[in-house]
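Got a protein in front of you and not sure where to start? Let's walk through it with some short questions and answers.

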Amino acid sequence: MDPELPVVRLCGEGMQAEAEGRAEAARELFQQAWDIAADDYEACIAAHYLARHQTSAEKTLRWNQECLDRADRVADERVREFYPSLYLNMAHAYRRLGRRALAHHYFLRAAERVCDAPRGRHDRRDQRDHYGHHGQYGDWNRFAIAEGLRATVDAVSADVSDAPTLPSAARPQPLDAEVDGRIRELVARWCARADLKALGLTLPAYLGFLGTEADRVRLRSALHMVHAARWLPADEQIELGGVIGATALR
């Protein structure tokens, strides 16, 4: 986004006000940005921030839908990086309203576009990271999408007529519940004794698991690195070996 655009400048000031705990001032700045928006691109930016300061889940959904609609009207490279978070925000809004099947639908859409997430402000490198996107902002999107998919997968409904049409080879496959539980138990034990090496190697791949084959390979590789280092207690070493060998991770 061009920082010289008045709408972008106002939204930046609003974010600063948010960080300082001045919620009402932030809302007013975002409203000003909306009021002066000159086209769909600028309106999309302002609507995104206005959605953060609504007083009900219904109003939040309305502004997130406005933001998505404006991005769809722009339909060029300027908004490509917006879509992971636009779909993620729609998913969160529907989840808060208890409409979990629609929430899952939008989590899936966000997963499709996760590689379009922009670089984080603190990561301006040219090379891409191991998830195929840039920086901490991309990680945040991936982790939030993965959590949402896990939390809503049981709500998938055939009544959602506009569900994403993913090729069968690309359709996310949730992590097997038994394997997921075993990994969670190991992670809980590592947290309890602050085994930062095991956590550091495993959590990015586990928390960012979106169900693709690449995610499966990444998670298995991360667990294998911990296992190969042989620093775990004997019982955990055996359990981790069993997890790695599970059919669900092959």
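What follows is a set of questions and answers about this predicted model.

Q: How many helices and how many strands does the protein chain have?
A: Reading along the sequence, you get the pattern α-α-α-α-α-α-α-α-α-α-α. There's no β in that string, and the count agrees: 11 helices and zero strands.

Q: What share of the residues in the protein chain is buried?
A: Buried here means a relative accessible area under 20%. The chain has 250 residues, and the buried ones make up 44%.

Q: Is the pair of W34 and W63 stacked or edge-to-face?
A: A search of the whole structure turns up six aromatic pairs. For W34 and W63, the ring centres are 4.8 Å apart and the planes stand at 90°. Planes over 60 degrees apart count as edge-to-face, so this pair is edge-to-face.

Q: Which helices hold W34 and W63, and how many residues apart are they in sequence?
A: Both W34 and W63 are buried. W34 lies in helix α2 (residues 23-36) and W63 in helix α4 (residues 57-74), so the pair ties together parts of the chain whose separation in sequence is 29 residues.

Q: Which residue has its charged end over the ring of W63, and how far is it from the centre?
A: A charge counts as sitting over a ring if, among other things, it is within 6 Å of the ring centre. The residue that does this at W63 is R62, and its distance from the centre is 4.1 Å.

Q: Is the pair of Y94 and Y106 stacked or edge-to-face?
A: Y94 sits in helix α5 (residues 83-96) and Y106 in helix α6 (residues 100-112), 12 residues apart. Both of these tyrosines are buried. Their ring centres are 5.7 Å apart with planes at 10°, so the pair is stacked.

Q: Which residues form one aromatic cluster with Y94 and Y106?
A: The cluster takes in Y94 and Y106, the tyrosines whose rings have centres 5.7 Å apart. Joining Y94 and Y106 in this one aromatic cluster are Y83 and Y87.

Q: How far does α6 reach from its first C-alpha to its last?
A: This helix has 13 residues, and the expected span at 1.5 Å a residue is 18 Å. Its buried residues include L102, H105, Y106 and F107. The reach in the model is close to what's expected, at 18 Å.

Q: Is R230 buried or exposed?
A: You'll find R230 in the loop between α10 (213-229) and α11 (234-244). R230 also has a positive phi of about 55° although it's not a glycine. Its relative accessible area is 61%, and the cut-off for that label is over 50%, so R230 is exposed.

Q: Are α10 and α11 roughly parallel or roughly antiparallel?
A: Their axes come within 10 Å and cross at roughly 155°. The crossing is left-handed. Angles over 145 degrees count as roughly antiparallel, so α10 and α11 are roughly antiparallel.

Q: How far apart are the C-alpha atoms of V243 and E178?
A: V243 is in helix α11, and at 1% relative accessibility it counts as buried. V243 and E178 are 65 residues apart along the chain, while their C-alpha atoms are separated by 9.5 Å.

Conventions
Residues are numbered from 1 along each chain as its sequence is written. This is a predicted model: local features need pLDDT of at least 70, side-chain atom pairs count only at pLDDT 80 or more; totals for chains, interfaces and linings use all residues. Side-chain values use heavy atoms; hydrogens and water are left out. Rings of Phe, Tyr and Trp (its six-membered ring) pair if their centres lie within 6.5 Å; planes under 30 degrees apart count as stacked, over 60 as edge-to-face and the rest as tilted. Helices (H or I, at least four residues) and strands (E, at least two) are DSSP runs, numbered from the N terminus. Buried means under 20% relative accessible area, exposed over 50%, partly exposed in between (1.4 Å probe, protein chains only). A charge sits over a ring if NZ of Lys or CZ of Arg is within 6 Å of the ring centre and within 35 degrees of the ring normal. The expected span of a helix is 1.5 Å times one less than its number of residues. Axes are lines fitted to C-alpha atoms, for helices over the stretch in contact, and angles run from 0 to 180 degrees between N-to-C directions. Angles under 35 degrees count as roughly parallel, over 145 as roughly antiparallel, 65 to 115 as roughly perpendicular and the rest as oblique. A crossing is left-handed if the near helix is turned anticlockwise from the far one by less than a right angle, and right-handed if clockwise.
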